[in-house]
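Work through these exercises with the model open in your viewer. Try each task before reading its solution.

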Amino acid sequence: VGERERPSAELLSIGSELLLGETVDTNAAFLGRELARLGLPLTGVQQLPDDRAVLARAFAAARTRSDVVLATGGLGPTHDDLSREGLADALGEELREDASLRARLEERFRAFGRMPSSNLRQALLVPSAEPLDNPIGSAPGWWVDRDEAVTALMPGVPSEMRLMWAEQVRPHLERRFPLAPLAIRTVKAFGIGESAAAERLGNVLSNPPDGIDAGIYARDDGIHVRFTTTGDAALLEPLVVRARTALGEDAYGTDAHDLATTALAALGRAGAETLATWEADTAGALLAILASAEPADGAARFVGGMLDAGGAAAAPVADAVLQLSLLPQDANGRSRVRVSLAGRATIPMTELRIHGSGPQRLRRAAFAALDLLRRKL
Ligand code: ATP
């Protein structure tokens, strides 16, 4: 780790399609989150084309800057997958076919018939690289630990990358570096803007105790107030309590709690075992959110929704039916929704203002309806 107290890490997201905007770099978002939690936050991310010379320069520069260089993509069998070549050039090492990697590839292809000869490129290794198993794909990863710098190559396919990260790269990093993992607590609130929330939170947000970071983020499901520390996780609890108190009625939960589950629980307590929805001009946002809510004991069950695109439509039969319409934006770009609940639990028609634009408007409309349920029931 050299002179520095905490090891530094950076990421190379490799693939020309990333630069063309055809693939969104979700690998960087995933690894950024994971590395922060591990206590090894990213100091930078670069998206790079499938170009051997560019990759060689990028790997060489990153290895001199950072203790850990992670890369995803460019491990496929085709001529434009050049991550292995780029890293080999940066290390000044020669690529050679590895007999056991070749045997493993041939074994993997036995079920599909003959292996295309291009796949042999995936059996290449340099002397300082240790292969990382890819149980759900053909491209093995690489782990290189040389000259005080660690480099890991992982596949670009997100599912393969995530598995290799969880099963191999993360444990390797935990063994290699003394890391202080990050503890995270979140308080969530709906129906209040970011700046109004910041004002109510005052010192809790602007001046947290030493060793604790506090931040506020606007999301579709409201604002998230986040406290983190690399110290004792228990230090965060008093801040969570203070934040909840400051946000009052607007706070709906902490950490993994979400608005859909909270609303379904409120319906359950109000005597409705099932919920159906009817929504207009929201492109099914309410249905999509409720359909992925975790079922919970005593909570109402979501049994289905109807999208009304102008014609008459009836919601499925349920103990309670939640109706939501998104009204057209006014001249100032402001949006309102109309929400009501009928059946075993009722809420009279209520009009609410929502914030946000584009696709966010649709999800905000749906969350506004769920927020009304948890407040009024
Ligand atoms: P494999 O050998 O398994 O194909 P690979 O390392 O060659 O993996 P790529 O060819 O670079 O991976 O990318 C394969 C696919 O994975 C891409 O078409 C894209 O859909 C997805 N992908 C690649 N990089 C990323 C990324 N950074 N974020 C999200 N998806 C990605």
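**Exercise 1. The main core**

How many residues has the largest nonpolar core, and which of them have the most contacts inside it?

Solution. Keep in mind that this is a predicted model.

Step 1. Count the members: the largest nonpolar core has 34 residues.

Step 2. Pick out those with the most contacts inside this core: Leu267, Leu275, Leu290, Leu322, Val337, Leu341 and Leu370.

Step 3. Assign the core to secondary structure. Helices H10 (259-269), H11 (285-291) and H12 (359-376) each supply at least two residues. Strands S15 (320-326), S16 (335-343) and S17 (347-354) each do so too. H12 gives the most, with 8 residues.

Step 4. Look for a second core. Another core, of 26 residues, lies apart from this one; Ala58, Leu82, Ala88 and Met115 are among its members.

Step 5. Set this against the general rule: in soluble globular proteins, nonpolar side chains tend to be buried together.

**Exercise 2. One core residue**

List what Leu341 touches, leaving out residues up to four places away in sequence.

Solution. Use a contact cut-off of 4.5 Å between heavy atoms.

Step 1. Start with the partners of lower number: Leu341 touches Leu267, Leu275, Ala320, Val321 and Leu322.

Step 2. Add those of higher number: Leu341 also touches Thr346, Ile347, Leu373 and Leu377.

**Exercise 3. The ligand site**

Describe the shell around the ligand, then find polar contacts to the ligand's oxygen atoms.

Solution.

Step 1. Classify the shell: 7 residues are nonpolar, 9 polar and 4 charged. Of these 20 residues, Glu17, Asp25, Gly74, Leu75 and Gly76 come nearest to the ligand.

Step 2. Find the helices involved. H1 (16-19), H2 (26-38) and H6 (158-176) each supply at least two shell residues.

Step 3. Check distances from ligand oxygen atoms:
- to a polar backbone atom of Gly76, 2.6 Å;
- to a polar backbone atom of Gly74, 2.9 Å;
- to a side-chain N or O atom of Asp81, 3.4 Å.

Step 4. Read the burial. Alone, the ligand exposes 620 Å², and the protein buries 78% of that.

**Exercise 4. The whole chain**

What share of the protein chain's residues is buried, and how far does its C-alpha trace span?

Solution.

Step 1. Take the burial: 47% of the 377 residues are buried.

Step 2. Take the span along the principal axes: about 75 × 55 × 45 Å.

Step 3. Add the surface. The accessible surface is about 18,100 Å², and carbon and sulfur atoms hold 50% of it.

Step 4. Count the elements: the chain has 12 helices and 17 strands.

Note on methods
Residues are numbered from 1 along each chain as its sequence is written. This is a predicted model: local features need pLDDT of at least 70, side-chain atom pairs count only at pLDDT 80 or more; totals for chains, interfaces and linings use all residues. Side-chain values use heavy atoms; hydrogens and water are left out. A residue is near a molecule or strand if one of its heavy atoms lies within 4 Å of it. A polar contact is a pair of N or O atoms within 3.5 Å; within protein, one must be able to donate a hydrogen and the other to accept it, and residues adjacent in sequence count only if both atoms are side-chain atoms. Accessible areas come from the Shrake-Rupley method with a 1.4 Å probe; for residues, only the protein chains shown count as cover. Helices (H or I, at least four residues) and strands (E, at least two) are DSSP runs, numbered from the N terminus. Ala, Val, Leu, Ile, Met, Phe, Trp, Tyr, Cys and Pro count as nonpolar, Asp, Glu, Lys and Arg as charged, and the others, Gly among them, as polar. Buried means under 20% relative accessible area, exposed over 50%, partly exposed in between (1.4 Å probe, protein chains only). A nonpolar core is a set of buried Ala, Val, Leu, Ile, Met, Phe, Trp, Tyr and Cys residues joined through side-chain atoms within 4.5 Å.
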